[in-house]
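This report takes up the division into domains, the contact between them, one sheet and the surroundings of a ligand.

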Amino acid sequence: GNTILSGYATTIFTVMSALANEHDAINLGQGYPDEDGPRDIRRRAADAVFEGPNQYPPMMGTPQLRRAVAAHNARFYGLDIDPDTEVIVTSGATEALCDSLLGLIEPGDEVVLIEPLYDSYAPIVRLAGGVAKTVRMEPPRWTLPREALAAAFSDKTKLIVLNSPHNPSGKVFDRDELSFIAMLLKKHDAYAVCDEVYEHLVFDGLAHIPLMCLEDMRDRCVRIGSAGKTFSLTGWKVGYITASPELIAPIAKAHQFVTFTTAPHLQSAVAYGLAKEAAYFSALAQTMQDKRDRLTQGLRAAGFEVMAAHGSYFITADIRSVGHVGGDVDFCRHITIEAGVTAVPVSAFYEGGGADHFVRFCFCKNDATLDEACRRLQKHF
Ligand code: PMP
Ligand code: GLN
């Protein structure tokens, strides 16, 4: 008979969450808040289930949510977006990434990826027939290697995938770095798929800058957001894509065959959420910044060298600082089983082995949970 052997590996998040469950460890691996986002947003979704409609929404997303996405882009970034031709609603940023890569990449196109990278990018690039050209940011500051980046571009480059704020490092790309990338896109007539799911999780008074806002970048960028991160409702899987009509058209072609549409009551509740007052967004960032500080201090007290991180749900730590001599995968197994705390190995964010002495800890958890995790690690090391 036929043998069915998937070429896909099991994601590190599934692997580490299963190990955490098995050993009853505090799970600071997979990135999700342990407290659900705003009640009023959830109430809107619940009401919408009963009020209906509950049939297929339009393929591009409900007009109400598309208008809300356009208004959000105008409010936070001064972008002028046409809700009818420049927005697609997707079932999570994961689908948005998949649609964008499947829609834009032709077999043989080169795609520039920056490591460490979110684990869904490379498999979808390959599925689309793209050829990945990876460059590595350099720890401990996760510096963008400009020479290597410039060398990774060629006349075959179709696009770069750019993730800022960055998972797993927590790096927030600054205007200077973005300008450098913009220069390369112009030089090589290439595009950018911008994974900006953590756009509202930026700390220390820094601002999130969409690459799309830089000069001449409006029509070269596909901007992707996620309601899951913006409203601490990661299970909802509602994402949104903003791009010029020329880029939206091929991406919509992929979207129609990937999911076609997204649950209507969630779209309606997210539209309501995107219009929330400024205080909601600033409080979210402040709360997460406090949690970052709490976990950073606790890990430092346990002996870890913790890298600077200005955004996302994550911080990275150097495991050599607590005297570990093996690799990061080994370390994550070890602390799950022996200390009762789970992290994720940063080597999982590389195509074929990269830095293997960093681990990622997620800080979007209750203070008591963070404190208990730190107490366990302080006791263990
Ligand atoms: N991109 C990055 C960088 C992420 O960290 C995540 C999720 N955790 C996603 C995309 C996927 O987002 P969603 O849950 O909306 O599919
Ligand atoms: N994005 C989340 C993380 O980086 C997890 C998403 C997933 O489980 N696929 O931890």
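Domain bounds, as used here, come from an automatic or database domain assignment. The model is a predicted one, and the protein is divided into domain 1, covering residues 12–30 + 279–380, and domain 2, covering residues 40–274. Between the C-alpha centres of domain 1 and domain 2 there is a separation of 26 Å.

Across the boundary, 27 residues of domain 1 are in contact with 26 residues of domain 2. On the side of domain 1 that touches domain 2, the elements giving two or more residues are helix H11 (278–301), strand E10 (314–318) and strand E13 (358–362), and H11 gives the most, with six residues.

The elements named for this side of domain 1 also take part in a sheet and its packing. An open sheet of four strands runs in the order E9-E10-E13-E12 with antiparallel pairing, and its edge strands, E9 (305–306) and E12 (344–345), each pair on one side only. Within the sheet, E10 and E13 pair in the antiparallel sense over five bridges, while Phe314 stands opposite Cys362 in E13. H11 packs on this sheet, where it touches E9, E10 and E13, and its direction makes about 15° with that of E10.

Turning to ligand 1, 14 residues surround it, of which Gly92, Ala93, Thr94, Asn167 and Ser226 come nearest. Helix H4 (residues 92–104) supplies the largest share of this shell, three residues.

The residue classes of the two sets are as follows.

| Set | Nonpolar | Polar | Charged |
|---|---|---|---|
| Side of domain 1 that touches domain 2 | 17 residues | six residues | four residues |
| Shell around ligand 1 | three residues | nine residues | two residues |

Technical notes:
Residues numbered from 1 in each chain as written. Chains lettered and ligands numbered in written order. Predicted model: local features only at pLDDT ≥ 70, side-chain atom pairs only at ≥ 80, totals over all residues. Near = placed C-beta within 6 Å. Nonpolar A, V, L, I, M, F, W, Y, C, P; charged D, E, K, R; others polar. Contact = placed C-beta atoms within 7 Å. Pairing = 2+ DSSP bridges. Axes fitted to C-alpha atoms, helices over the stretch in contact; angles between N-to-C directions.
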